[in-house]
Structure formats: structure tokens, C-alpha cells
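Student: I am new to this structure and would like a close look at one part of it. Could you walk me through the salt bridges and the helix that takes part in them?

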Amino acid sequence: MSDHSAFWETIDLDTGERLVLRSPQDALYALVSDWPVNGGVHQQRAIDFCRAWLAGRMPAETVRQAFILAALEAGVPINDDGDGAEAAVVNPPV
């Protein structure tokens, strides 16, 4: 799918590294390679959604919401703007 323009986030890892995620593909890499907590339910769901996006079966915004839940589950701070302010997530769809 080509709707990755809906993506989006900057995350801060425990290591002090900041990752800019511009697509579900970037999110998949972060979830598999850089995630500080492995085995979370939301992490696995976000991985599955990223893979579904790559196969053209999932809209990017749905993947983004799953990624946000995975980040909340793992305690990974999400920044949705360039000034480092944390994103407010209020009742994201499950």
C-alpha cells in the first residue's frame, strides 16, 4: 500500500537513541530489532499489522494505532512532532 504518508512517529529508546519512523516498514524494523521489551501482546499484534501492511492488506493508520499501543505497553516514549513533546494518546482504537 502506498499510504505510508499517514505515518509518522519519533520514538526514544532506553539507549538514548531517537528513531524516526516514516512507514510501517520502519516500525516493523524497530519492533523486531530495537524494541526494549520482547514478547508483549501489543508488540506481536503491531508486528503482524506491519506485515499485513507490507502485503497490502492493512491501512497505515491502523498499523500506527497498533504501534502506539505497543509503545505504551513497552514504555517507549512517542513524539509526534519535531519539538520532543510526547504525543497524547487518548483511547486509541484496539
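Tutor: Here is a tour of the salt bridges, followed by the packing of two helices.

This is a predicted model, in which local features need pLDDT of at least 70 and side-chain atom pairs count only at pLDDT 80 or more, while totals for chains, interfaces and linings use all residues. Residues are numbered from 1 along each chain as its sequence is written, and side-chain values use heavy atoms, with hydrogens and water left out.

Let's begin with the general idea: side chains of opposite charge can pair when their charged atoms come close. A salt bridge here is a side-chain nitrogen of Lys or Arg within 4 Å of a carboxyl oxygen of Asp or Glu. By that rule, the count is 3 salt bridges.

Take Glu9 and Arg64: their closest N and O atoms are 2.7 Å apart. Glu9 sits in strand S1 (residues 9–12) and Arg64 in helix H3 (residues 60–74), so this salt bridge ties together parts that are 55 residues apart in sequence. Helices (H or I, at least four residues) and strands (E, at least two) are DSSP runs, numbered from the N terminus. Both Glu9 and Arg64 are buried, where buried means under 20% relative accessible area, exposed over 50%, and partly exposed in between (1.4 Å probe, protein chains only). For Arg64 the relative accessible area is 16%.

Arg64 also meets Glu61 in a salt bridge, at 3.3 Å from N to O. These two residues both belong to helix H3 and are 3 residues apart, about one turn of the helix. Glu61 is partly exposed, at 34%. Put together, Glu9, Glu61 and Arg64 form a network of salt bridges.

Another salt bridge joins Arg18 to Asp12, with the closest N and O atoms 2.6 Å apart. Arg18 is partly exposed, having a relative accessible area of 43%.

Now stay with H3 and look at its neighbour. Helix H1 (residues 24–34) packs against H3 at an angle of about 25 degrees, and their axes are 10 Å apart; axes are lines fitted to C-alpha atoms, for helices over the stretch in contact, and angles run from 0 to 180 degrees between N-to-C directions. The contact (heavy atoms within 4.5 Å) is made by Pro24, Ala27 and Leu31 of H1 together with Ala60, Val63, Phe67 and Ala70 of H3. The residues of this contact divide into 7 nonpolar, no polar and no charged, with Ala, Val, Leu, Ile, Met, Phe, Trp, Tyr, Cys and Pro counted as nonpolar, Asp, Glu, Lys and Arg as charged, and the others, Gly among them, as polar.
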